[in-house]
Amino acid sequence: MSQQQMNLNISLDKTKEVTCEKCGNNVFIEGMLLRKASRLLTGTSQDALIPITVFACSKCGNVNDEFLPFQLKQQTNEIEEIEVEEKNEGKIIKF
Ligand SMILES: [Zn+2]
């Protein structure tokens with residue numbers, strides 16, 4: 001992961017630090033979500049396990065919403081999601 005980032009032609013001072021939404025820690029460890037697909041859905045003889053790689057806070061274990069796959073994110077609050085997207089574009093919106 002970090003090697004891939006180094007190969008990008010982007011100055012790191014132009015990037016934004018990602019911190020844990022719960023405790024503010026900036027170190028993450030790789031973890032795995034497992035989703036189970038019913039055999040009725042897959043048409044196989046057994047339920048299928050689908051691993052999804054995510055990053056979890058190394059201190060409190062929290063997984064930020066932004067690390068979740070899009071389809072899982074939709075289960076969370078939609079308004080929060082829109083706010084995050086706008087922040088990523090660097091817009092300041094005043095009401
Ligand atoms: Zn944390």
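Strands S1 and S2 (residues 48-57) run antiparallel and are joined by ten bridges, where strands count as paired if DSSP finds at least two bridges between them. Within this pairing, Glu30 has Phe55 of S2 as its bridge partner. The model is a predicted one, in which local features need pLDDT of at least 70 and side-chain atom pairs count only at pLDDT 80 or more, while totals for chains, interfaces and linings use all residues. Residues are numbered from 1 along each chain as its sequence is written.

Taken as a whole, the chain contains four helices and two strands, with helices (H or I, at least four residues) and strands (E, at least two) being DSSP runs numbered from the N terminus. Along the sequence these elements follow the pattern α-β-α-β-α-α. Of the 95 residues in the chain, 3% are buried; a residue is called buried if 20 or more other C-beta atoms lie within 10 Å of its own, exposed if 12 or fewer, and partly exposed in between, with C-beta atoms placed from the backbone. Strand S1 lies largely in the open, because one of its ten residues is buried. Among contacts with a separation of 6 or more, 41% are between residues 24 or more positions apart, a contact being two residues whose C-beta atoms, placed from the backbone, lie within 7 Å.

It is worth a look at how two loops meet. Glu21 belongs to the loop between helix H1 (2-7) and strand S1 (28-37). On the other side, Asn64 sits in the loop between S2 and H3, and Asp65 is placed in the loop between S2 and helix H3 (70-73). Leaving aside residues up to four places away in sequence, Glu21 touches Asn62 and Asn64, and Asn64 touches Cys20 and Glu21.

The C-alpha separations add to this picture. Asn64 and Thr19 are 45 residues apart in sequence, yet their C-alpha atoms are 8.5 Å apart in space. For Glu21 and Glu66, also 45 residues apart along the chain, the C-alpha atoms are separated by 9.7 Å. Asp65 and Cys20, again with their positions 45 residues apart in sequence, are 9.8 Å apart from C-alpha to C-alpha.

As for exposure, Glu21 is partly exposed because 15 other C-beta atoms lie within 10 Å. Asp65 has 15 C-beta neighbours inside 10 Å and therefore counts as partly exposed. Asn64 has 17 C-beta neighbours inside 10 Å, so Asn64 is partly exposed.
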